[in-house]
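Thanks, everyone, for making time this morning. I would like to walk you through the strands and helices of one model, so please have a look at it before I begin.

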Amino acid sequence: MELKDEVRSSFKRSHNLARKYYDCGDLSKARMEYLKCARFAEHLSELTPSKRKEFHERAEKFREIAEGLKAGDIKVYTNGIVPKEERKSSEPRTAEDPRGRKDRAKELILVEKPSLRFKDIAGLDSVKERIKEAIVYPFRYPDEYRYFGVRGGGGILLYGPPGCGKTMLAAAAAGECNAVFINIKISDIKDKYVGESEKKIKDVFNLARGYERAIIFFDEIDALAGERSGSQEGHERSLVNELLSQMDGLEAKGTEKRYLVLAATNRPWDVDIALRRAGRFDTTVFIPHPDRTARRKIFEIGLADKPCRVNVAELAAMTDGYASAEIIDICEKAAKIPLRERIKEGKPRREIVLADFERVIAERKTVLLGWYPKAVRELTGTEEAEMFQELIEAGEGYVSRG
Ligand SMILES: Nc1ncnc2c1ncn2[C@@H]1O[C@H](COP(=O)(O)OP(=O)(O)O)[C@@H](O)[C@H]1O
Ligand SMILES: [Mg+2]
């Protein structure tokens, strides 16, 4: 083969790869391939005097594209998973289309493949079972579900106090069914320009459709409707509608559910009524603070890498009412006491003892002491009180304490 032909075929290979990586959302690899395209085009321009200018211009163009895909501008991570090549023809968007490039740069979509499993989450057994029935089993046993004519899926709304495992559960659900996890914070996609947020929601669903199985997780779903006091502006109304219609679009895909939508909130009283009533989030699941057994397990997790022989059952008994995330934090803070004393004061401390925990716990009240009474106040007497009854019951202990 002539040198020119070799360069030309390398150029073609890189060009195909670049487009493929771009479609998969692997932008850093796409960028590398586009840079190679630029070098090959430059080389071809030297080797082909008759088309010198043309190749040179193409090289310029490829450099420009690569520049547009620079890491940092773009936050699409795919952990190297290659989605099914599937793209809506109505939205032709490639790196070489300048409009597409600009849109990509503005996206903030995180695609992960979690290794987290339900067993990594302490407690919440009945919640895990409900999620399994709604989404994990239909993913795992689609034929059985079809055979019995049972539809799985639907959206699930997780609500409950902060730091007790909502995000973790959503990620673990994806891990359990080997699906990609697309974690969207509503506040991140909200845009002050009319129509922009709707477009981002559409992008999220389109991105999900590129994968075989995906769980889309909308965190802080309450932010979708804005502040309750700030009345329903038409703008935000259309955001809610966009989400609902995208969810309908997913359902139309067939009996075998491949895409599922989870949403979470610490402020169920602010969740848009349309979302609650439209039936798209037909399962509403309360994620409570950890009970004693769960707290034991969380202490085991939090202390797994620390020198400590304190009985975790005792620690669990000392932390009634604390959020899961706070217990993990208590372990960190407790470990720092002997560490500090050893380094700064030269004390011969080798492990964390009960007194260290007592000190940390005495200094740290749980935020749930404030959260529960507020939640109960917000919900009591409203039409939705019944829907969130479990929260109100769980909050009783706090209301009497606070
Ligand atoms: N049930 C749980 N079991 C073990 N760790 C937990 C649990 N819930 C929360 N955590 C810890 O707290 C952190 C925050 O939890 P997260 O799921 O983000 O809470 P939420 O979304 O409900 O606010 C987690 O990263 C984890 O370290
Ligand atoms: Mg969360």
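I will start with the sheet, go on to the helices that lie across it, and finish with a pair of helices.

Please keep in mind throughout that this is a predicted model. The sheet is an open one of six strands, with mixed pairing, and its order reads β1-β3-β4-β5-β2-β6. Because β1 (111-112) and β6 (283-286) stand at the edges and each has a single partner strand, one side of each is left without a neighbour in the sheet. Further in, strand β2 (residues 156-159) and strand β5 (residues 259-265) run parallel and are joined by four bridges, and in this pairing Leu 158 stands opposite Ala 264 in β5.

Turning to the helices on the sheet, α5 (residues 125-140) lies across β2, β5 and β6, and runs at about 160° to β6. Helix α9 (residues 196-209), for its part, lies across β1, β3 (180-185), β4 (214-219) and β5, running at about 175° to β3.

Now to the helix pair: how do α12 and α14 cross? The axes of α12 (residues 292-303) and α14 (residues 324-345) come within 9 Å and cross at roughly 40°, which means that α12 is oblique to α14. The crossing in which α12 passes α14 is right-handed. On the α12 side we find Arg 295, Ile 298, Phe 299, Gly 302 and Leu 303, and these meet Ser 324, Ile 327, Ile 328 and Cys 331 in α14. Sorted by class, the contact of α12 with α14 has six nonpolar residues, two polar and one charged.

Terms used: Residues numbered from 1 in each chain as written. Chains lettered and ligands numbered in written order. Predicted model: local features only at pLDDT ≥ 70, side-chain atom pairs only at ≥ 80, totals over all residues. Axes fitted to C-alpha atoms, helices over the stretch in contact; angles between N-to-C directions. Helix = DSSP H or I, 4+ residues; strand = E, 2+ residues; numbered from the N terminus. Parallel < 35°, antiparallel > 145°, perpendicular 65-115°, else oblique. Left-handed = near helix turned anticlockwise from the far one by under 90°. Contact = placed C-beta atoms within 7 Å. Nonpolar A, V, L, I, M, F, W, Y, C, P; charged D, E, K, R; others polar. Pairing = 2+ DSSP bridges.
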